[in-house]
Amino acid sequence: MAERLTPRAREIAAAARALLEESGPAALTMRTLADRLGIKAPSLYKHFPDKHAVEAELTAQLLAETAETLEAAEARAPGSLEALAEAYRTYALAHPHLYRLATERPLPRAGLPAGLEDRAALPLLRTCAGDQDLARAVWAFAHGMVILEIHGRFSADADLDAAWKRGLNALHP
């Protein structure tokens, strides 16, 4: 992702990511971002046409990092759905605001680098032996579990590790 951006655009994206990670998606405004960088908001528009372009860049970062995370898990444990799920969950919970920004709204496909979405999905697709429907079902399960955990929707005594294991086994015995 960073290679396709100018140095100043990378700096803006890094500041946007820091702001997002610290304060959540609602705090990410062009004015707040400009204040953080010590510039006037119109200066941002030389590098990103609007807030949606900044959000698309952050979504691209999430997809690239998710791809790297899943590729590493796949290399450590080839064919292990549990290893992929654990890596996915760990990454998402470590970056809850970025995860929410990237997954709780339509995917800005037009603003993403070509092939990035497919790259992020490929480890799961390979682990599901190319079965796209199964891969989608597993991803939907994983996303649902993660987003419910991020939003604190499980009771304190819930055994989430057991729920993950049961769900994955139900989908991929």
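A residue is called buried when its relative accessible area is under 20%, exposed when that area is over 50%, and partly exposed in between. Keep those cut-offs in mind as we walk through this structure, which is a predicted model.

Let's try the rule at once on glycine 111. This residue sits in the loop between α6 and α7. Its relative accessibility is 36%, so glycine 111 counts as partly exposed. Glycine 111 is also a good place to see how a folded chain brings residues together: alanine 60 is 51 residues apart from glycine 111 in sequence, yet the two C-alpha atoms are 8.3 Å apart in space.

Now move on to another loop, the one between α7 and α8, where you will find alanine 129. Is alanine 129 buried or exposed? With a relative accessibility of 73%, alanine 129 counts as exposed. There is something else to notice about alanine 129: its phi is positive, at about 55°, although the residue is not a glycine.

For a contrast, turn to helix α4, which holds alanine 73. The relative accessibility here is 1%, so alanine 73 counts as buried. What does alanine 73 touch, once its neighbours within four places in sequence are left aside? The contacts are Ala83, Leu84 and Ala87. Look at the first name in that list: alanine 83 is 10 residues apart from alanine 73 along the chain, and 5.9 Å separates their C-alpha atoms.

Helix α4 also contains threonine 66. Threonine 66 has a relative accessible area of 9%, so this residue is buried. Not counting residues up to four places away in sequence, threonine 66 touches Tyr88 and Tyr91.

Tyrosine 88 leads us to the aromatic rings. How many aromatic pairs does the structure hold? There are two. In one of them, tyrosine 88 and tyrosine 99 meet edge-to-face, with 5.9 Å from centre to centre and 85° between the planes. Tyrosine 88 belongs to helix α5 and tyrosine 99 to helix α6, so this pair ties together parts that are 11 residues apart in sequence. Both partners fall below the cut-off for buried: tyrosine 88 has a relative accessibility of 10%, and tyrosine 99 has one of 3%. The rings of phenylalanine 141 and tryptophan 164 also pair up, with centres 5.5 Å apart; their planes are at 75°, so this pair is edge-to-face. Here the pair links distant parts of the chain, since phenylalanine 141 is in helix α8 and tryptophan 164 is in helix α9, 23 residues apart. Phenylalanine 141 and tryptophan 164 are both buried.

Let's stay with helices for a moment. An α-helix has 3.6 residues a turn, so residues three or four places apart point the same way. Helix α6 lets you see a pattern of this kind, with Leu98, Tyr99, Leu101 and Ala102 as its buried residues. Viewed down the axis of α6, these buried residues fall within an arc of 165°, so they line one face of the helix. What do they pack against? Their partners are α1 (7-23), α4, α5 and α8.

Finally, let's look for empty space. Rolling a probe the size of a water molecule over the atoms shows where such space is left. The largest pocket holds about 840 Å³. It is lined by 30 residues, and those closest to its centre are Glu117, Ala120, Ala121, Leu124 and Trp139. Two or more lining residues come from each of α4 (51-76), α5 (81-94), α6 (96-103), α7 (116-127) and α8 (132-150). Which helix gives the most? That is α7, with seven residues. By kind, the lining of the largest pocket divides into 21 nonpolar, four polar and five charged residues.

The second largest pocket has a volume of about 170 Å³. Its lining residues include Glu82, Arg89, Asp161 and Lys165, along with Trp164. Helices α5 and α9 (160-171) each supply at least two residues of this lining, and α5 has the largest share, with five. In the second largest pocket, the lining is made up of three nonpolar residues, one polar and five charged.

Key. Residues are numbered from 1 along each chain as its sequence is written. This is a predicted model: local features need pLDDT of at least 70, side-chain atom pairs count only at pLDDT 80 or more; totals for chains, interfaces and linings use all residues. Side-chain values use heavy atoms; hydrogens and water are left out. On a 1 Å grid over the protein atoms alone, a cavity is a set of points where a 1.4 Å probe fits but cannot get out, and a pocket is an open set with protein on both sides within 12 Å along at least five of seven lines; lining residues have an atom within 4 Å of a point. Grid points are joined across faces, edges and corners, and a volume is the space filled by probe spheres set on the points. Helices (H or I, at least four residues) and strands (E, at least two) are DSSP runs, numbered from the N terminus. Ala, Val, Leu, Ile, Met, Phe, Trp, Tyr, Cys and Pro count as nonpolar, Asp, Glu, Lys and Arg as charged, and the others, Gly among them, as polar. Buried means under 20% relative accessible area, exposed over 50%, partly exposed in between (1.4 Å probe, protein chains only). The arc is that of the directions from the helix axis to the C-beta atoms. Contact means heavy atoms within 4.5 Å. Rings of Phe, Tyr and Trp (its six-membered ring) pair if their centres lie within 6.5 Å; planes under 30 degrees apart count as stacked, over 60 as edge-to-face and the rest as tilted.
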